[in-house]
Amino acid sequence: MQTIERFAQYDADMQALIAEVTTMPAPATATAMGRRSFLKLASLAGGGLVLAFHLDTRSARAEEAGHETTVSGLNAFVRIAPDNIVTIYSKGPEIGQGIKTAFGLIIAEELNADWKTVKVDQAPINPKVYGYQGAGGSTSIPRGWDQLRQAGAAARSMLIAAAAKQWKVPVSECTAANSFVIHTPSKRKLSYGALAKDAATMPVPEVASLTLKTRSEYTLLGKRYTGVDNDKIVTGKPVFGIDVTMPGMLFANYVKCPAVGGKVKSSNLDEIKKMPGIVDAFVLDGTGNPAEVMPGVAIIAKSTWQAFKAKAALKVEWDESEASKDSLTQAAAKAKELAPTLPIPMTNVGDVDAAFASAARIVDVAYDYAMVSHQQLEPQTSTAWWHDGCMEIWTPSQMADRGLGMVAKMLNLTEDKVMVHQTRAGGGFGRRLANDYMCEAAAIAMKVNAPVKLQWKREDDFAHDMFRAGGHHFLKGAVDKNGKLSAIQNHLVSFSADGGKTAVSGGFLSNNSFPADAAPNVRYALTKMPLQIPCGPWRAPTDNVQMFVIGSFLHEMALAAGRDHVEFLEEWLSRPLAAPAQQPGAPRPDPSRSYNPQRAVAVLKLCAEKAGWGKKLPAGHGLGIAFACSYGGHVAEAVELSVDAKKKITVHKITAVADIGPIINMSSAENQVQGGAIDGLSTAMGLEINVENGRIQQTNFGDYPILRMRSAPPVEAHFIQSDFRPSGLGEPCVPPLAAALGNALFAANGDRVRTMPFKRAGYSI
């Protein structure tokens, strides 16, 4: 396979990965499941209760298809030990989103457990036992919500039954609270630990018989809790991938061609091997897949510092005959040339041409945005050890189960010969859905007779990221004589590896945040230019850039119609939408993750109220607002700012309102809103990756100005807690921010910024 074909295949694989992560069918409900979802496995040594249960919908679908439940098909556990400790095994990666704490809280709520007696451990990576073990698309909570609640309620039911039997009283006279079962008439009570052994002898209740709490009955959920790993983090105890150490461990760095697709022609390996602390240095041909192992030079040393010193001295002559020659400067010029040539539309609703012909006002503008990098705090790292015919790996991956299969295939091993340990990840943002660093560590470890930690430098992260794609939108909109939006045409010029069928990750139009029937007449078209630089999912893929464009453009349309922006948005958001198309045999879409006009209008109105929409502002000040439905979360954000004559922006406050269903941990939810908004501001203002001759031009934070603390504004977070199943919150708060920022800037000085980052237009913060 030629290099360009491999890269096109990479784009297709990445699109499939995103679909796997984000596509969620409607959950199986207790009444629909119809058979047991739990299994009492065994008693703990010395007594206790152990329940296994399903944690995602695939197992439930298997039940519905008539397959018998087996122990090997169960994938998570609740353990209640005689010492009153309740343990939940979290099968998903912890990447800072607080999932370990949230999983424990959901169980504890339905169990009526004392939160102080609950602990959460990380489950091992074992796809045969645990099924899907990834974290992406803000899906961890939605996937686990029903099953975790049912697990807690089932355990509570068994504990109450055990107490009632011991007291010889009706179950109806017993209640549970704070890890005790109480006989209401006599006030007697027994702890869960004391009851656990007898509870293990009780029959597991049918799922349909369980009574789950309503939101008004919650005593734990919605309050503020510190994370279960916080003490370890602040006291420096090892929890992250970069913390892994073991006796006899060596340290590796891996050097790849700065232009992706280049191969090693020659290098000064003999000189490198003579350097202090260097154990070995060798060339790997790799698989040529950017998500696995690209060709390069591995340096093995006794310390990380010695490996980095040798890397600095390494001289490689690269064969760049098939390497990237990409130039984003040339691509931007080419996009403008392509703008007038509209390809066959991918969406064509109503009569767009007739609507434009009869329009009262037409807005015809172009928007664009830059490629950006992930730059999570912890650079890529993995530790691998080839021993006893097995490859053992410790990794901070967002999808280590997928990496396990990739490593097995790459090394021609059966999956039972690959053992993977999930460590906590120092940030993800979608970068760690790819497991290239895990594959590199495994490929290197096959040639090293010791455990070896691969450690990327920050510069490696910049040079070899899977970037958020840039794009160029050419938009045309019409308002009719009544001031209503009557037509939209959007021509996106984006990228694919070979300019062919599959767009790069994030390089397509999504109906997720911008439903196709946004206006009575809609035309969407996509043109793809070749780009070999690998792209991948970046926080709220597609939505994060699409809503900058759409959220800003709708403000322009409101102004063209001569109407108040919030009033215009409310009318636009509240219109009834056609039900999404249902493909034959496809899973039923989850309505809690779909756009809902009532939820959208509610967050918009509350955001406008909290931000003080309509208040009189000083000269040079502006207030802007925008909305996005992203990954199930309905979010409106308002930005209040001022700008001086030198285009220096001061953001005074960000107001965010989100409806993501019930809140699990208020502290975590507020933190995620604040983090998403600040990241959105940082990216909108200053982040940009440039590519020339196939090489990434930015090398470190000196030329990639992530927002400094002195420029970070206060973020006020508000929630509308609805009875929809909860959405995740890692992604929904990023997409509206850039549009709210641009709309506020226009309100302040009348300048419309249609390019991102805003520094391109001369603005700073």
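Student: Quick one: is phenylalanine 627 buried or exposed?
Tutor: Phenylalanine 627 counts as buried because its relative accessibility is 5%, and buried means under 20% relative accessible area (exposed is over 50%, partly exposed in between; 1.4 Å probe, protein chains only).

Student: What kind of model is this?
Tutor: This is a predicted model, where local features need pLDDT of at least 70 and side-chain atom pairs count only at pLDDT 80 or more, while totals for chains, interfaces and linings use all residues. Residues are numbered from 1 along each chain as its sequence is written, and side-chain values use heavy atoms, leaving out hydrogens and water.

Student: Cool. How many aromatic pairs are there?
Tutor: The count is 6, pairing rings of Phe, Tyr and Trp (its six-membered ring) with centres within 6.5 Å; planes under 30 degrees apart are stacked, over 60 edge-to-face, the rest tilted. One of them is tryptophan 115 with tyrosine 225, edge-to-face at 5.7 Å centre to centre and 65° between the planes.

Student: And what angle do tyrosine 595 and phenylalanine 627 make?
Tutor: Their planes are 70° apart, edge-to-face, with 6.3 Å centre to centre. Phenylalanine 627 is in strand E23 and tyrosine 595 in the loop between helix H17 and helix H18, so the pair ties together parts 32 residues apart in sequence. Helices (H or I, at least four residues) and strands (E, at least two) are DSSP runs, numbered from the N terminus.

Student: New topic: how many residues of H16 are buried?
Tutor: 17 of its 18 residues, so H16 is mostly covered. After H16 comes glycine 562, whose phi is positive, near 70°.
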